[in-house]
Amino acid sequence: METSSALTAEVQAELIRRHKTTATTVLSLLVAVVLLCVLAYVTQKFLTQRTNPSLDIALRITILIFGLGAIALRRTHFAKMRLQDIAALQGASGLLIALQRTTLRVAIIGIVIGVFGFVATLVTGIPTYTYQAGVVAVAVLLYGYPVRRAWGQAVRRFLPDSGSNPVQNAG
């Protein structure tokens with residue numbers, strides 16, 4: 001049963017501020033990944049194509065590990081018990097900081113995936129590496145994109161003084 005209690009003005013202001021900062025950062029990184037793909041397309045005529053099978057396999061495995069790692073990181077850091085503990089020990093501010101940091105970590109993993117692909121394109125001259133890594137990076141960034149409503153629900157649900165039911169699911 002979701003509580004209908006409103007957040008205090010101070011908590012609501014911090015929620016809006018942190019969400020806006022985080023969402024802007026994630027969107028900026030998303031644009032950066034797209035720009036890397038455009039840059040790979042534009043520079044392909046200036047690069048000499050050299051196949052490198054060992055780099056190909058290493059890059060694919062690295063991208064897979066980073067992509068799955070981003071999912072695992074987000075799921076473990078947004079686990080119900082972890083968020084309950086953070087809210088109980090640090091309050092609303094600590095919970096919002098945890099949400100923000102985890103989201104930014106996932107976003108950094110996403111941009112690193114995109115950069116790996118672009119570096120592989122520079123090394124081999126094959127723009128497909130950037131495009132494939134870009135697709136995975138965009139998926140990771142969209143997966144980690146912060147939703148303000150979900151953050152607000154998490155704060156309402158896990159704050160001990162909000163009268164919320166601690167047995168509820170983190171969603």
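Student: How much area does the protein chain expose, and what share of it do carbon and sulfur atoms supply?
Tutor: The model is predicted, so local features need pLDDT of at least 70 and side-chain atom pairs count only at pLDDT 80 or more, while totals for chains, interfaces and linings use all residues. Residues are numbered from 1 along each chain as its sequence is written, and side-chain values use heavy atoms, without hydrogens or water. Areas are from the Shrake-Rupley method with a 1.4 Å probe, and for residues only the protein chains shown count as cover. The protein chain exposes about 9,500 Å², and the share from carbon and sulfur atoms is 66%.

Student: What pattern does the protein chain follow along the sequence?
Tutor: Helices (H or I, at least four residues) and strands (E, at least two) are DSSP runs, numbered from the N terminus. The protein chain has five helices and zero strands. Its pattern is α-α-α-α-α.

Student: Which helix supplies the largest share of the largest nonpolar core?
Tutor: A nonpolar core is a set of buried Ala, Val, Leu, Ile, Met, Phe, Trp, Tyr and Cys residues joined through side-chain atoms within 4.5 Å; buried means under 20% relative accessible area, exposed over 50%, and partly exposed in between (1.4 Å probe, protein chains only). The largest core has 20 residues, and Ile-113 and Leu-141 have the most contacts inside it. At least two of its residues come from each of α1 (9-43), α2 (53-77), α3 (80-124) and α4 (128-143). The largest share, six residues, comes from α3.

Student: How many residues does the other core have?
Tutor: This core lies apart from the largest one. Among its residues are Leu-95, Trp-151, Ala-154 and Leu-159, and its total is 17 residues.

Student: Where in α3 is the kink centred?
Tutor: At 1.5 Å a residue, a straight helix of 45 residues would span 66 Å, but α3 spans only 44 Å between its end C-alpha atoms; the expected span is 1.5 Å times one less than the number of residues. The bend at a residue is the angle between axes fitted to the seven residues ending there and the seven starting there. In α3 there is a kink of about 130°, and its centre is Gln-90.

Student: Which two residues form the aromatic pair?
Tutor: Rings of Phe, Tyr and Trp (its six-membered ring) pair if their centres lie within 6.5 Å; planes under 30 degrees apart count as stacked, over 60 as edge-to-face and the rest as tilted. A search of the whole structure finds one such pair. It is edge-to-face, with 5.3 Å centre to centre and 80° between the planes. One partner lies in helix α2 and the other in helix α3, so the pair ties together parts that are 50 residues apart in sequence: Phe-66 and Phe-116.

Student: Is Thr-130 buried or exposed?
Tutor: Thr-130 is in helix α4. Beyond its neighbours within four places in sequence, Thr-130 is in contact (heavy atoms within 4.5 Å) with Leu-36, Cys-37, Ala-40, Gly-117, Phe-118 and Thr-121. With a relative accessible area of 1%, Thr-130 is buried.

Student: What is the relative accessibility of His-19?
Tutor: His-19 sits in helix α1. Leaving aside neighbours within four places in sequence, His-19 is in contact with Pro-146, Val-147, Arg-148 and Trp-151. His-19 counts as buried because its relative accessibility is 8%.
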